[in-house]
Amino acid sequence: MAKAQYAILRFAKYKGPTLSRIEAHNERTKEAYASNPDIDTERSRLNFHPVKPKGKYREVSNRIIRESGCRVRKDSVTAVEVLITASPEFFEKKSRKEVKEFFDYAVEFMKSKQNPDTYISAVVHVDEKTPHMHLCFVPITADGRLSAKEIIGNKKR
């Protein structure tokens, strides 16, 4: 019997300055990745963007918040990152085209949950053991408020 395979979504909330660290990892702007030895920098050129960032993550987040007219508190979550992947076995023997189709579908799925106008970036990493996508967005609700808690819930939910 075949081993069960799973789609995986992990959500993380970020505030202001931490976006620069997330950007450095996602966009592969560091020289070395001591904290993640699984990154094969020789393959980093194969990574791709289903959604290209329109500037530095923090600047894009601030612009989206400003244009939305949201009220921002000092402790506001200004970005949410969704890690999207699947069981490693799912990707075995998949062509580059099939991997791209999986992540294009994931972006479309996320558009049904979060307004794409709030997206900062979506980048697929194929330079690690298992392909995965980091999709970052500003947590603006349908009625124009900045609220990660309402969009992704809290620990209790």
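## A tour from helix α4 to the sheet and back

Begin by selecting α4, a helix of 16 residues that reaches 23 Å from its first C-alpha to its last, close to the 22 Å expected at 1.5 Å a residue; the expected span is 1.5 Å times one less than the number of residues, and helices (H or I, at least four residues) and strands (E, at least two) are DSSP runs numbered from the N terminus. The model is predicted, so that local features need pLDDT of at least 70 and side-chain atom pairs count only at pLDDT 80 or more, while totals for chains, interfaces and linings use all residues. Residues are numbered from 1 along each chain as its sequence is written, and side-chain values use heavy atoms, with hydrogens and water left out.

**The two sides of α4**

Within α4, show the side chains of Val99, Phe102, Phe103, Ala106, Val107 and Met110, which are its buried residues (buried means under 20% relative accessible area, exposed over 50%, and partly exposed in between, with a 1.4 Å probe and protein chains only). These residues lie on the same side of α4 because they cover an arc of only 140° around the axis, the arc being that of the directions from the helix axis to the C-beta atoms. Turn to the face directed away from this buried side, and you find the exposed residues Lys97 and Tyr105. Among the elements that cover the buried residues of α4 are β1, β2, β3, α3 (88-91), β4 and β5, where contact means heavy atoms within 4.5 Å.

**The sheet**

Next, colour the strands: 5 of them form an open sheet in the order β1-β3-β5-β4-β2, with antiparallel pairing (two strands pair if DSSP finds at least two bridges between them). The edge strands are β1 and β2, each of which pairs on one side only. Neighbouring strands of this sheet are turned by 20° against each other on average, direction ignored; axes are lines fitted to C-alpha atoms, for helices over the stretch in contact, and angles run from 0 to 180 degrees between N-to-C directions.

Walk across the sheet from the β1 edge, where β1 and β3 pair in the antiparallel sense over 8 bridges. Two pairs can be picked out here: Ala7 has Ala86 in β3 as its bridge partner, and Tyr14 stands opposite Ala79 in β3. Strand β3 itself has 8 of its 8 residues buried, and both of its faces are covered, with Ala79, Glu81, Leu83 and Thr85 on one side and Val80, Val82, Ile84 and Ala86 on the other.

From β3, continue to β5, which is joined to β3 by 5 bridges and runs antiparallel to it; select Leu83 and its bridge partner in β5, His134. His134 also stands opposite Val123, which leads to β4 (residues 119-125), a strand whose 7 residues are buried, 7 of 7. Between β4 and β5 (residues 132-137) there are 6 antiparallel bridges, and the two strands form a hairpin with 6 residues between them. The walk ends at β2 (residues 48-51), which is joined to β4 by 2 bridges and runs antiparallel to it, with Ala122 of β4 as the bridge partner of Val51.

**Helix α1**

Now select α1 (residues 18-26), which lies across β1, β3, β4 and β5 and runs at about 150° to β5. Its buried residues are Leu19, Ile22, Glu23, Ala24, His25 and Asn26, and they pack against β1 (7-14), α2 (57-68), β3 (79-86), β4 and β5. Just after α1, look at the backbone of Arg28, which takes a positive phi of about 55°.

**The nonpolar cores**

Return to the interior and display the largest nonpolar core, of 22 residues, in which Phe103, Met110, Tyr119, Met133, Leu135 and Phe137 touch the most other members; such a core is a set of buried Ala, Val, Leu, Ile, Met, Phe, Trp, Tyr and Cys residues joined through side-chain atoms within 4.5 Å. At least two residues of this core come from each of β2, β3, α4 (96-111), β4 and β5, and α4 gives the most, with 6 residues. Centre on Tyr119, whose contacts include Val51, Ile64, Val107, Met110 and Leu135, not counting residues up to four places away in sequence. A second, separate core of 15 residues includes Tyr57, Ile64, Ile120 and Val138.

**Last stop**

Finish at Ala4, in the segment before β1, a residue that is partly exposed, with a relative accessible area of 42%. A distance drawn from Ala4 to Glu108, C-alpha to C-alpha, spans 24 Å, and the two are 104 residues apart in sequence.
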